[in-house]
Structure formats: C-alpha cells, structure tokens
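Here's a quick tour for anyone opening this one for the first time. Have a look at the fold, then read on.

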Amino acid sequence: MTADVQGVIRAIARASKASDKPQAEQGRKPVITISRDRGSGGDEVARELGARLGLECYYRQVLDGIAKNAKVNKSLLESLHENVNRASDPWLYSVIFGKNVTRDDYLYRLVTTVRGLYQMGGVIQGRGGHIILAGRKVLRVRIVGSPEACAKRLALNEQIDIEAAAKKIEKTRRKREKFIRQMFHSRL
C-alpha cells in the first residue's frame, strides 16, 4: 500500500471521527460510502478504513442481501447488476427472478438493502450507496486516479500488460457510469 493511500485513510478516519460524534452518542456506528474507479486503490482504502475504525466493509454483501430477499441465484443477479440494457430489462428480470419484475423492483431491493446497512453502520463500497444515502449523515468519498496510475496498479495486481489493464478500466468505468445513469438518473 502506498503512502498516498495511507494518507487518504488517515484523513477519512479523522473526518469520520470528527463528523460522527452526535451519531456515536446515539449508539449508531458511522457510515462511509466509497465510490471508486477501478485500479484507484479504493477497495484497499475501504478495507483498511473499516479495519481502523472497527467497521464492517460491505461490497458483495449488498448483492447477497438482494439475492436473499428476492430468492434468486446470486451469480445471476451479479451478472445482471451492471450489464442490463434498458430494452431487455423486463424479459431478463422475469427470467432471472422467475416472475414479472422490473428495474424498479430491483432498485427497490437495492435501496432497501443499502438503507438497512446504513442502520447497522459501516463502509459501503459502490452500488450507488453514495446516491441512495444522500441527505443522511454519511461521509461520502470518491476515490479516483489518473488513467495511467490506475492501469499500472491493475496491471501489477492482475499480472497483465498495461494496455489490457487500461481497456479493463475503461470498460468498468463505462459500465458503472451506465448503471448510475440508468438506475439513479445521476452521474458518478
């Protein structure tokens, strides 16, 4: 982990402790949402921040909660999460959920799950948590990096060449932007 990531973690930890004193007095754990670019080190920041603050770190658990609530296969739901295109929505959802459901049904389950995690406190990675919890006492963090730095980090972590890493990063960025735009009518 680089010194820059460590500095970010220390700053977020200080801000979280300072801004959540009223919540702590009420017995509620602080909530931090982390939106990040692939390759930016945001996943490491989230894990380290959760560990230092004694908070759970939620990423896969959001989809786990939706899958459990909807009684569907988690791997199917995960592939659907960021890859659905508007025209095929109702059909794909009905195939996966086994009933006639819409994007709104999925969004309702996503929002319900994230709001439930808000009540428990912790670090919520991605899944539109920063938008779902807007207006609440939440520290919202966006972690980005230059395309070059992100590609180098991803290439090193996945042992692939820089060009392949850059393509993966761009593809992920487009998927995440599309997801946020279609689900929340917002921008990253």
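What follows is a short briefing, going from the overall layout to the sheet and then to the interior.

Keep in mind that this is a predicted model. The protein has 10 helices and 4 strands, and 43% of its 188 residues are buried. The strands make up one open sheet with parallel pairing, and the nonpolar interior includes a core of 20 residues.

**The big picture**

- Starting at the N terminus, the elements come in the order α-α-β-α-β-α-α-α-α-β-α-β-α-α.
- Among contacts with a separation of 6 or more, 66% link residues that sit 24 or more positions apart.
- On the outside, the protein exposes about 10400 Å², and 51% of that comes from carbon and sulfur atoms.

**The sheet**

- What order do the 4 strands take in the open sheet? Reading across, it goes β2-β3-β1-β4.
- At the edges you'll find β2 and β4 (139-143), each of which pairs on one side only.
- Strand β1 (residues 31-36) is joined to strand β3 (residues 122-125) by 4 bridges, and the two run parallel. Here valine 31 is set opposite glycine 122 of β3.
- On its other pairing, β1 meets β4, again in the parallel sense, over 5 bridges. One spot to look at is serine 35, whose bridge partner in β4 is arginine 142.
- Strand β2 (residues 57-58) runs parallel to β3 and is joined to it by 2 bridges. Cysteine 57 faces valine 123 of β3.
- Helix α3 (residues 42-53) lies across β1, β2, β3 and β4, and its direction makes an angle of about 165° with β1.

**Threonine 33, a spot in the sheet**

- Threonine 33 belongs to strand β1.
- Is threonine 33 buried or exposed? Its relative accessible area is 1%, under the 20% cut-off, so threonine 33 counts as buried.
- Leaving aside residues up to four places away in sequence, threonine 33 touches Ile124, Gly129, His130, Leu133, Val138, Leu139, Arg140 and Val141.

**The nonpolar cores**

- In the largest nonpolar core, with its 20 residues, Leu110, Leu133 and Phe184 have the most contacts inside the core.
- Helices α4 (60-70), α7 and α10 (162-184) each supply at least two residues of this core.
- Which helix gives the most to this core? That's α7, with 7 residues.
- There's also a second, separate core of 11 residues, and its members include Ile32, Val45, Cys57 and Ile143.
- Back in the largest core, leucine 133 touches Val31, Thr33, Val114, Arg115, Tyr118, Ile124 and Val138, again not counting residues up to four places away in sequence.

**Tyrosine 106, a spot in a helix**

- Tyrosine 106 is part of helix α7 (residues 103-120).
- Tyrosine 106 is buried too, because its relative accessible area of 1% falls under 20%.
- How far apart in space are tyrosine 106 and isoleucine 66? They are 40 residues apart in sequence, and their C-alpha atoms are 8.0 Å apart.

Definitions and conventions:
Residues are numbered from 1 along each chain as its sequence is written. This is a predicted model: local features need pLDDT of at least 70, side-chain atom pairs count only at pLDDT 80 or more; totals for chains, interfaces and linings use all residues. Side-chain values use heavy atoms; hydrogens and water are left out. Two strands pair if DSSP finds at least two bridges between them. Contact means heavy atoms within 4.5 Å. Axes are lines fitted to C-alpha atoms, for helices over the stretch in contact, and angles run from 0 to 180 degrees between N-to-C directions. Buried means under 20% relative accessible area, exposed over 50%, partly exposed in between (1.4 Å probe, protein chains only). Accessible areas come from the Shrake-Rupley method with a 1.4 Å probe; for residues, only the protein chains shown count as cover. A nonpolar core is a set of buried Ala, Val, Leu, Ile, Met, Phe, Trp, Tyr and Cys residues joined through side-chain atoms within 4.5 Å.
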